[in-house]
Amino acid sequence: MTVKFITLGCKVNQYESQAMLEQLLGQGFQPAGSGPADLVVVNSCTVTAQSDQKARQALRRAKRQNPGAIGVLTGCWPQAFPQEAGAFPDADIVLGNANRAALGQRVMEYLSTKQRVVDIAPHEKGEAFEPMRISGMQGHTRAFLKIEDGCERFCTYCIIPYARGRVRSKPVEQIQAETASLAAAGYREVVLTGINLPAYGQDLGLSLCHAVEAACAIEGVCRVRLGSLEPERLTPPVIAQMRAQPKLCPQFHLSLQSGCGATLKRMNRHYSPKEYMGIVEDLRTAFPGCAITTDVMVGFPGETEAEFAENLAFVEAVGFAKAHVFAYSRRPGTVADRAPDQVSPRVKEERSRRMIAAAEMGRRAFFLSQIGQRAQVLFEQEAEPGVWEGFTPNYTPVLVKSPESLAGVLREAELTGLQGDAMTGELLP
């Protein structure tokens with residue numbers, strides 16, 4: 001039986017899809033590749049209502065393209081909204097996040113009975129980190145390694161704590177073992193990922209530093225990169241401890257959401273703009289030339305023009321290497337969805353344009369500051385004939401000319417200029 005995965009959402013979902021695929025391959029399934037699939041699995045995201053719609057569309061389209069295939073819906077949407085997802089008629093099997101390890105068993109059950117299967121178990125307090133391991137990441141030069149799951153922050157706009165449960169962490173010895181196997185498979189960069197990554201270890205009496213140290217200790221791995229970070233646990237001692245690891249990439253995706261203090265309070269975010277700026281300064285002191293990237297939201301309920309101006313000014317003051325700007329999208333089931341003073345789509349669109357322009361200025365300034373510098377570049381793909389694209393440790397995209405393949409190669413280059421949304425470079429001997 002051939003299987004195909006369609007993954008929506010974050011790096012954690014990508015890791016989990018790879019783990020489920022490898023689990024099925026171990027049970028005798030075969031990858032469909034470009035051919036027709038007998039089994040199609042959609043691993044869903046539920047960050048917004050549009051995310052749920054994308055999951056529905058993806059499964060319907062996949063079943064049209066693979067006539068007769070068994071359709072599986074799993075991931076965050078079934079876990080957060082079990083009744084709604086469980087009633088989706090195009091899914092022959094519906095599994096939540098809490099019991100996806102039973103995927104192969106549920107497929108066999110469906111084949112035996114031809115009866116629709118809905119198996120969505122609730123998360124429980126005190127549940128352990130789900131044992132999961134991958135041997136590689138199909139189509140990726142760098143490997144993702146999930147080390148944490150769950151979130152207990154309950155931001156007013158976010159449904160994810162309901163989809164992911166409480167914080168739980170991968171034991172350090174398992175991080176080391178999995179990193180070693182990825183290094184043996186040829187991966188030179190490992191990206192540590194989680195739902196609330198800085199919360200790693202709070203259930204084990206550890207901190208994120210212990211996970212970083214465990215991954216960096218593995219011979220063969222040249223780079224360890226961190227996924228998205230909530231800022232408030234990045235204390236000076238934590239930053240100092242991470243600074244001691246030369247393999248740790250100096251790029252920190254520090255989630256902001258808003259540079260306005262009043263808006264942050266309505267979001268139930270647990271820091272102020274001043275505290276956030278202090279963390280940025282600490283990181284830049286510890287990691288000179290590091291990239292600070294972020295997510296920033298506009299049009300959150302109650303955001304006045306004055307509050308937006310404060311948000312905009314803060315983004316300009318930080319000077320992010322890159323900012324993902326998005327307008328607030330109502331998520332049924334959250335506190336913010338029921339909040340008064342919802343901002344109109346027209347105003348959100350106009351504020352998005354202004355914020356994107358400010359973010360682009362910051363990105364350009366960051367690029368210009370690196371011209372003339374030398375950096376190790378991990379090349380990933382051929383952007384166009386004879387031109388290869390890769391990334392520096394601080395995740396600056398670099399384009400270089402080379403008649404030979406550079407895929408998966410780590411080479412030093414001098415950064416020479418700008419070209420679109422990347423820098424140009426010249427390979428050094």
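**Exercise 1. The surroundings of Leu410**

Work out which residues Leu410 touches, leaving out those up to four places away in sequence, and decide whether Leu410 is buried, exposed or partly exposed.

*Solution.* Keep in mind that this is a predicted model.
- Start with the neighbours: Leu410 touches Cys222, Arg223, Gln376, Val377 and Leu378 once residues up to four places away in sequence are dropped.
- Next, place the residue: Leu410 sits in strand S17.
- Now the accessibility. Leu410 has a relative accessible area of 30%, and partly exposed covers what falls between under 20% (buried) and over 50% (exposed), so Leu410 is partly exposed.
- For a sequence-versus-space check, take Phe391: 19 residues separate it from Leu410 in sequence, and the C-alpha to C-alpha distance is 9.5 Å.

**Exercise 2. His253 and its polar partners**

Find which side chains make polar contacts with the side chain of His253, and say whether His253 is buried or exposed.

*Solution.*
- Locate it: His253 belongs to strand S11, residues 251-253.
- Check accessibility: the value is 16%, and the buried class is under 20%, so His253 counts as buried.
- List the contacts, again skipping residues up to four places away in sequence: Gly227, Ser228, Leu229, Thr293, Thr294 and Asp295.
- Pick out the polar pairs: the His253 side chain reaches the side chain of Thr293 at 2.8 Å and that of Asp295 at 2.9 Å.

**Exercise 3. Helix H13, length and cover**

Test whether the end-to-end distance of H13 (residues 345-368) agrees with 1.5 Å a residue, then find what covers its buried residues.

*Solution.*
- H13 has 24 residues, so the expected span is 34 Å. The count to multiply by 1.5 Å is one less than the number of residues.
- The end C-alpha atoms are 35 Å apart, which agrees.
- Buried residues of H13 include Val347, Lys348, Arg351, Ser352, Met355, Ala358 and Ala359.
- Why might spacings of three or four come up in such a list? An α-helix has 3.6 residues a turn, so residues three or four places apart point the same way.
- The cover includes helix H12 (305-318) along with strands S12 (291-298), S13 (322-327), S16 (397-401), S17 (410-419) and S18 (422-427).

**Exercise 4. How H11 packs on H12**

Classify the arrangement of H11 and H12 and sort the contact residues by class.

*Solution.*
- The axes of H11 (residues 273-286) and H12 come within 11 Å and cross at roughly 10 degrees.
- Angles under 35 degrees count as roughly parallel, so that is the label for H11 and H12.
- H11 contributes Pro273, Tyr276, Met277, Val280 and Arg284, and H12 contributes Phe314, Ala317 and Val318.
- By class, that contact has seven nonpolar, no polar and one charged residues.

Key: Residues are numbered from 1 along each chain as its sequence is written. This is a predicted model: local features need pLDDT of at least 70, side-chain atom pairs count only at pLDDT 80 or more; totals for chains, interfaces and linings use all residues. Side-chain values use heavy atoms; hydrogens and water are left out. Helices (H or I, at least four residues) and strands (E, at least two) are DSSP runs, numbered from the N terminus. Buried means under 20% relative accessible area, exposed over 50%, partly exposed in between (1.4 Å probe, protein chains only). A polar contact is a pair of N or O atoms within 3.5 Å; within protein, one must be able to donate a hydrogen and the other to accept it, and residues adjacent in sequence count only if both atoms are side-chain atoms. Contact means heavy atoms within 4.5 Å. Axes are lines fitted to C-alpha atoms, for helices over the stretch in contact, and angles run from 0 to 180 degrees between N-to-C directions. Angles under 35 degrees count as roughly parallel, over 145 as roughly antiparallel, 65 to 115 as roughly perpendicular and the rest as oblique. Ala, Val, Leu, Ile, Met, Phe, Trp, Tyr, Cys and Pro count as nonpolar, Asp, Glu, Lys and Arg as charged, and the others, Gly among them, as polar.
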